[in-house]
Structure formats: C-alpha cells, structure tokens
Number of protein chains: 2
Amino acid sequence: MTALIIDDEIQIRRLLRMALESKGYTVRDAEIGQMGLQEAVFHKPDVILLDLGLPDMDGVEVLKRLREWSTVPVLILSVRDQEAVKLAAFDAGADDYVSKPFSTAELIARLTAIQRRQGCHEAANLQLGPLVLDPAHHEASLNGQPLKLTPTEYALLAQLVRHAGKVVTLKQLLRAVWGPQAEEQSHYLRVYANHLRKKLEGSALEIKNEPGIGYRLDQR
Amino acid sequence: MTALIIDDEIQIRRLLRMALESKGYTVRDAEIGQMGLQEAVFHKPDVILLDLGLPDMDGVEVLKRLREWSTVPVLILSVRDQEAVKLAAFDAGADDYVSKPFSTAELIARLTAIQRRQGCHEAANLQLGPLVLDPAHHEASLNGQPLKLTPTEYALLAQLVRHAGKVVTLKQLLRAVWGPQAEEQSHYLRVYANHLRKKLEGSALEIKNEPGIGYRLDQR
DNA sequence: TCTCGCTTTAACGCATTTTTGACGCCGCAC
DNA sequence: GTGCGGCGTCAAAAATGCGTTAAAGCGAGA
C-alpha cells in the first residue's frame with residue numbers, strides 16, 4: 001500500500017508520513033502540484049492526500065488533471081472550510097475532504113474507509129473466462145497456469161479486462177498505462193497489444209482492434 | 001437509485017428527503033434503528049443515511065448489525081463531534097461522517113462521491129429511436145445490432161444525433177468534425193452523409209438535406 | 001562492469017480510411 | 001431551352017493506422 005502526500009508544509013508532510021508509516025503504508029511526497037502529478041504517473045500510489053493550498057497551482061486543478069486518467073482515491077486537506085471550495089473539490093472527483101487542523105486518527109480512519117470501499121472492487125480478482133488477474137500481487141493466470149507478464153503488459157491487460165467486451169479508447173488506455181503525457185503514443189499500444197496476443201494465444205480470449213478508436217478484449 | 005434515511009427527527013427526514021428527491025433518488029425512511037434495519041433488509045437501498053442518536057439503539061450498533069450482511073454505503077449523521085465516536089463509526093464500517101448541523105449541498109456532494117466510488121455511474125448515451133451512440137466507447141448500435149462506424153462517420157453522426165430533428169448547418173458540421181479550417185469543404189459532407197445513409201438503410205432514420213443550408217437527421 | 005529483462009524506437013508491408021476527382025441529376029433563373 | 005450551382009454517387013489516389021519484427025536504450029542486480 002503506497003500513499004502519496006502532496007503538501008507544501010513540511011510539518012504536515014512529516015506528521016502524515018509518521019502516521020501513515022505506522023499503519024504500514026509506504027509513503028512518497030511532493031511539495032508542489034507539478035511534482036505530485038509526476039509522482040502519481042510514475043509510482044501509481046494507492047491513495048493520494050492532496051492539500052488545496054499549493055504554491056504552484058490550485059489543488060482542485062491538480063485533482064482535475066489527475067482525474068483525466070486516474071481513478072485513484074483522493075482525500076483533500078485544506079485550511080479553507082468554505083462550502084464552495086468543498087463542493088468544487090468533490091465535483092472534481094475528490095473522495096473526502098478534511099479541514100485543517102485535523103485529527104490524525106480521524107484522517108487515518110477516513111483513509112481506511114475509502115480504501116475499504118476501493119478494496120471491494122480491486123481486491124476482488126478480475127476474471128474473464130480462463131484468465132484471472134490478481135491486482136494485489138500483479139500476477140496473472142490462464143487456465144490455472146501462471147502467466148508471466150511484465151508490469152506494462154499487466155497494466156494494459158488489467159484495463160482491458162476491466163472493460164471486457166467493450167471498446168477502450170486509445171486515449172484511455174495510454175493515459176491509464178503510460179500516463180497522460182503519452183496520449184499520442186499509440187504505437188506503444190500496437191507493440192504491447194501484440195505481446196499480449198501472443199501470450200493469450202490458444203485461449204478463448206482475443207484482443208480486437210477498432211480502427212482509429214481503440215481495443216476490445218473479447219471472449220470467443 | 002434509492003436512499004434510506006434512518007433518523008428520529010422529522011425535520012431532518014423532511015429536509016433530506018427533499019434534497020435527495022430533487023437529485024433523482026427514491027427515498028425511504030425509518031424513525032428507529034429496528035425499523036431501519038428492516039427497511040434495509042427488505043428494500044436493499046443503494047445508500048443509507050444513518051443518524052447516531054436514535055431512541056431505541058445506538059447508531060453504531062445499527063451499523064454493526066447492518067455490516068454483518070450488507071456492504072451498502074453508509075453515511076453517518078451526528079450531533080456529536082467527538083473523535084472517539086467518529087472513530088468507532090468508521091471502525092464499524094461507515095463510509096463518511098457528517099456533523100450536524102450540516103450543509104445539504106455538502107452532504108449531497110459527499111453522497112455522490114461515495115456512489116461514484118461504488119461504480120454506479122452509467123455513461124450518458126445518445127439515443128434516437130433505434131440508434132444508440134455510446135460516447136465513452138465510441139460505439140454505435142442500431143436496433144440492438146452493433147453498427148460499425150469509422151471515426152469520421154461516428155463524429156458526424158454524433159453531431160446529427162445531438163441536434164436530431166433540427167437542421168445543422170454545413171459550417172457547424174464541418175467545424176465539429178473536420179475542424180475550423182475545413183469550413184468550406186462541403187464536399188466532405190456529401191461523401192460522408194452518403195456513407196451514413198447506406199449504413200442507416202432500412203432503419204426509421206433518414207438524413208435529409210436542406211439545400212444550401214445543412215443536414216437534418218429525422219425519424220420517419 | 002557486465003548481463004539480463006523490459007521498454008522504447010524504428011522500419012516495413014498491408015489494410016482501412018480519408019481525400020480527391022469525375023460525372024450525372026435536379027431545380028432554378030435567365 | 002440553356003447554363004449554373006448544389007447535390008448524390010462512385011471510384012481512384014493519398015494518407016493514415018495497424019501488425020509485426022527487430023534493434024537500440026535503459027536500469028536493476030549480479
């Protein structure tokens with residue numbers, strides 16, 4: 001379980017880091033919005049704690065950018081307790097909103113609640129016919145046999161399985177697997193779709209392409 | 001979408017009912033914990049708003065009983081703002097905790113956030129008679145049958161469906177599909193209107209031309 | 001430092017899609 | 001009747017996107 005803290009106050013970062021690490025989280029942090037977004041792309045945290053008052057950009061803006069490609073749970077921290085700000089944050093896709101000063105215990109409790117909810121979806125193995133994905137360990141198996149996948153292959157396949165039978169657009173896939181700055185690099189997909197096709201060969205599964213739109217994982 | 005309110009104060013129930021119904025929820029309510037649990041069993045609400053200060057039993061106790069068999073999202077309402085109570089509620093499986101007096105708008109926002117996490121958001125499909133367009137997946141279907149469209153065909157058809165029954169000018173269509181620099185290339189439209197006509201053949205839909213003005217998608 | 005595995009880049013042939021050009025039709029104005 | 005402009009139709013040409021393969025980077029661990 002890794003958490004990402006985006007906050008410019010060092011005291012807050014220290015406090016949260018201590019609290020989270022004591023609960024078994026691996027913690028990363030960022031002082032400014034830009035760095036936070038990069039961290040999110042690069043390290044794919046399981047939860048994000050986001051301060052609204054960042055020096056370089058508005059926290060709600062950070063959240064919006066993040067939500068363009070990620071559904072990671074986000075808990076907002078803020079000194080401001082104005083309703084309009086809260087509503088904007090929830091509207092932008094926040095999962096919870098805590099005003100400073102906050103109780104660390106409550107924060108952790110809220111975080112746990114979010115994670116628990118998230119867990120219902122993610123901990124449950126993704127399955128499609130003979131293919132089973134285990135998100136907790138990033139492992140896969142086909143017809144009961146373990147299937148060796150690289151991290152990128154796993155991420156791509158997971159996206160396809162989540163929307164099995166439906167087209168997932170090129171943009172969605174690229175954002176989810178390579179991050180928002182790779183939206184135009186559709187050749188990545190060609191290469192990796194190919195890798196996966198080879199590994200799924202002989203099974204009832206098929207990665208189909210919808211020209212100009214995206215890919216779809218089908219069961220024959 | 002149905003919500004269950006468990007609260008003994010009639011004013012609160014009325015207030016919440018109004019707010020929720022205006023957001024499209026079907027609302028049921030209960031005055032005491034026992035009734036609330038029964039309601040939950042029989043009507044399986046999609047979300048529960050639970051007051052901690054019930055006359056017959058402790059709210060946390062209600063939550064615990066509920067969690068023995070249900071994972072429905074629960075938002076706690078409470079006049080008490082003591083940390084110990086909050087922690088107990090979260091520990092018992094609450095999804096959020098709001099202290100009275102609360103802002104209705106914020107409450108709804110928090111509820112929406114929980115529901116969003118729950119994954120109950122359906123894409124808003126464009127529909128016109130037998131034709132359905134799914135913008136999230138760039139997919140189309142006619143009479144339930146998948147309809148294969150190229151990206152350009154899809155974009156054009158989407159424009160027409162959005163303004164179904166009304167004339168869309170040549171300029172508007174060209175700008176929306178080919179970009180502003182193609183405003184004069186009405187030739188494109190003749191070709192693609194034609195493609196679409198062939199693909200919509202046999203359905204009740206018809207792409208009509210208003211000479212010199214634009215095109216219109218009609219239902220016969 | 002070297003090796004290995006993974007990711008990124010590049011290159012090519014092929015299929016599909018988009019663009020372009022050609023032609024005939026129709027309605028309207030002259 | 002004739003000429004003209006907008007339209008529908010068709011098909012060839014150009015552009016784009018895809019699958020495939022292989023080689024070049026890159027980083028972690030030996």
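Helices (H or I, at least four residues) and strands (E, at least two) are DSSP runs, numbered from the N terminus. This is a predicted model, in which local features need pLDDT of at least 70, side-chain atom pairs count only at pLDDT 80 or more, and totals for chains, interfaces and linings use all residues; side-chain values use heavy atoms, with hydrogens and water left out. Residues are numbered from 1 along each chain as its sequence is written, while chains are lettered from A and ligands numbered from 1 in the order in which they are written.

Start at a loop. A:Pro101 lies between β5 and α5 (104-122) of chain A. The peptide bond that joins A:Lys100 to A:Pro101 is cis, with omega about -5 degrees. Chain B has a cis bond from B:Lys100 to B:Pro101, with omega near -5 degrees. B:Pro101 sits in the loop between β5 and α5 of chain B. Most peptide bonds are trans, and most residues other than glycine have a negative phi.

The backbone also has positive phi values. A:His138 has phi near 55 degrees and is not a glycine. Its place is the loop between β7 (131-134) and β8 (139-142) of chain A. B:His138 also has a positive phi, about 55 degrees. That residue is in the loop between β7 (131-134) and β8 (139-142) of chain B. For accessibility, buried means under 20% relative accessible area, exposed over 50%, and partly exposed in between (1.4 Å probe, protein chains only). A:His138 is exposed, at 52%. B:His138 counts as partly exposed, at 33%.

Now turn to the contact between the chains. Contact means heavy atoms within 4.5 Å. Chain B gives 31 residues and chain A gives 32 residues. The buried area is about 2,600 Å², and carbon and sulfur atoms give 48% of it. Buried area is the accessible area (1.4 Å probe) that two parts lose on being put together, summed over both. B:Phe90, B:Arg117 and B:His137 supply 27% of the area that chain B buries against chain A, more than any other three residues.

Polar links cross this interface. A salt bridge is a side-chain nitrogen of Lys or Arg within 4 Å of a carboxyl oxygen of Asp or Glu. The rule finds 6 salt bridges between chain B and chain A. A polar contact is a pair of N or O atoms within 3.5 Å; within protein, one must be able to donate a hydrogen and the other to accept it, and residues adjacent in sequence count only if both atoms are side-chain atoms. There are 17 residue pairs in polar contact across the interface, both residues at pLDDT 80 or more. On the chain B side, α4 (83-91), β5 (96-99) and α5 (104-118) each supply at least two residues. The largest share, 8 residues, comes from α5(B). By class, that side has 12 nonpolar, 7 polar and 12 charged residues. Ala, Val, Leu, Ile, Met, Phe, Trp, Tyr, Cys and Pro count as nonpolar, Asp, Glu, Lys and Arg as charged, and the others, Gly among them, as polar.

One residue repays a closer look. A:Asp96 is in strand β5 (residues 96-99) of chain A. A:Asp96 is buried, with a relative accessible area of 1%. A salt bridge joins A:Asp96 to B:Arg110, with the closest N and O atoms 2.6 Å apart. Beyond four places away in sequence, A:Asp96 touches residues including A:Phe90, A:Arg110, B:Asp96 and B:Arg110.

Next comes the DNA. A residue is near a strand if one of its heavy atoms lies within 4 Å of it. DNA strand C is surrounded by 17 residues, the closest being A:Thr150, A:Thr152, B:Thr150, B:Thr152 and B:Trp178. Of the strand C atoms within 4 Å of the protein, 76% belong to sugar or phosphate. A polar side-chain atom of A:Thr150 lies 2.6 Å from a phosphate oxygen of strand C. For the side chain of A:Thr152, the N or O to phosphate oxygen distance is 2.3 Å. The surface near strand C divides into 10 nonpolar, 6 polar and 1 charged residues.

DNA strand D is also surrounded by 17 residues, among them A:Asn194, A:Arg197 and B:Tyr215. A backbone N or O atom of B:Gly212 lies 2.9 Å from a phosphate oxygen of strand D. For the side chain of B:Lys198, an N or O atom is 3.1 Å from a phosphate oxygen of strand D. By class, the surface near strand D has 5 nonpolar, 6 polar and 6 charged residues.
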